[in-house]
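Okay everyone, grab a seat and let me put today's model up on the screen. I'll walk you through a few spots, and please have the viewer open so you can click along.

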Amino acid sequence: RELRATVDLFSRFMDPLVVKKLISRENSEDLLSSKSVEVTMLFSDIRNFTSISEQRTPVEMVNLLNHYFDRQVKTLFRYHATLDKFIGDAIMAFWGAPLAHEEHPIYAINAALDMIENLEVFKDEYGYKDFDIGIGIHTGDAVVGMVGAQQRYDYTAIGDTVNLASRIEGLTKKRAQILVSETTMKVAKDHFKFIPRGEFQVKGRNESVRVYEPIRK
């Protein structure tokens, strides 16, 4: 029963086929325990979502989001991401736990680039020409594990790395659809081209942050 519960739990966050492989070689209790690991965080947000919502009925907006999320989550799972949560119209995902990947920044950037391609197809299919997204990516240490109350808890990542990835997503507006931190760029520099997009001060941090736009070679 405990094994089945763990499989059901992680199948909400990851590709079910990956979960089965993971469970076969990891102890269920170890998977659920909190630990500090290096992760690559991805935040994706729909731009001008409030104004888009004002032009459509609630039912239309729910259908739009469901179709959009379904397409993007399939891409994230294809690149072995752990889906953390949906925050309104935003997607939060990460790499590095519970599956360890040495090159998780590369997975994250490839997933982000595919998500932008998905967006263009989505816009053509549904006629949402004003639909656009921003994606922020950062690599660093975070605490990953089960967080919540007795009534409800989720497998999630917390820490400064998570916050910074979210801030970087906020910097994408009027600059680029995807921005990554310098930390992520350095790990993935041999796999992509990177365009410097500036150095910025973000809320909650004393040090400024350099960001880069990734492009496939």
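Start with Arg-78: it is partly exposed, with a relative accessible area of 49%. For that word, buried means under 20% relative accessible area, exposed means over 50%, and partly exposed is in between, using a 1.4 Å probe and protein chains only. Before we go on: this is a predicted model, so local features need pLDDT of at least 70, and side-chain atom pairs count only at pLDDT 80 or more, while totals for chains, interfaces and linings use all residues. Residues are numbered from 1 along each chain as its sequence is written, and side-chain values use heavy atoms, with hydrogens and water left out.

Which residue does the side chain of Arg-78 meet in a salt bridge? That's Asp-114, at 3.1 Å from N to O. By salt bridge I mean a side-chain nitrogen of Lys or Arg within 4 Å of a carboxyl oxygen of Asp or Glu. Asp-114 sits in helix α6 and Arg-78 in helix α5, 36 residues apart, so the pair links distant parts of the chain. Helices here are DSSP runs of H or I with at least four residues, strands are runs of E with at least two, and both are numbered from the N terminus. Unlike a partly exposed residue, Asp-114 counts as buried, because its relative accessible area is 10%. Zoom out a little and you'll find a network of salt bridges linking Arg-78, Asp-114, Glu-117 and Arg-216.

Stay on α5 for a second, since Thr-75 is in that helix too. Is Thr-75 buried or exposed? Buried, at 2% relative accessibility. Leaving aside neighbours within four places in sequence, Thr-75 is in contact with Ala-111, Asp-114, Met-115 and Asn-118, where contact means heavy atoms within 4.5 Å.

Now for another set of charged residues. The structure holds twelve salt bridges, and Arg-210 takes part in one with Glu-182, at 3.5 Å from N to O. Those two are 28 residues apart, with Arg-210 in strand β8 (residues 209-216) and Glu-182 in helix α8 (residues 182-188). Arg-210 also has a salt bridge with Glu-199, again 3.5 Å from N to O. Glu-199 lies in strand β7 (residues 192-200) and Arg-210 in β8, so this pair ties together parts that are eleven residues apart in sequence. As for cover, Arg-210 is partly exposed at 38%, Glu-182 is partly exposed at 24%, and Glu-199 is partly exposed at 45%.

Okay, on to the greasy stuff. In soluble globular proteins, nonpolar side chains tend to be buried together. How many residues does the largest nonpolar core have here? It has 40, and Leu-76, Phe-131, Ile-135 and Ile-137 have the most contacts inside it. Helix α6 (residues 104-126) gives the largest share of this core, ten residues. A nonpolar core, by the way, is a set of buried Ala, Val, Leu, Ile, Met, Phe, Trp, Tyr and Cys residues joined through side-chain atoms within 4.5 Å. Apart from that one lies another core, of 23 residues, among them Val-18, Leu-22, Phe-43 and Leu-99.

Last stop: Arg-56, in the loop between α4 (49-54) and α5 (58-78). Arg-56 counts as buried, because its relative accessibility is 19%. Not counting residues up to four places away in sequence, Arg-56 touches Met-61, Tyr-128 and Asp-130.
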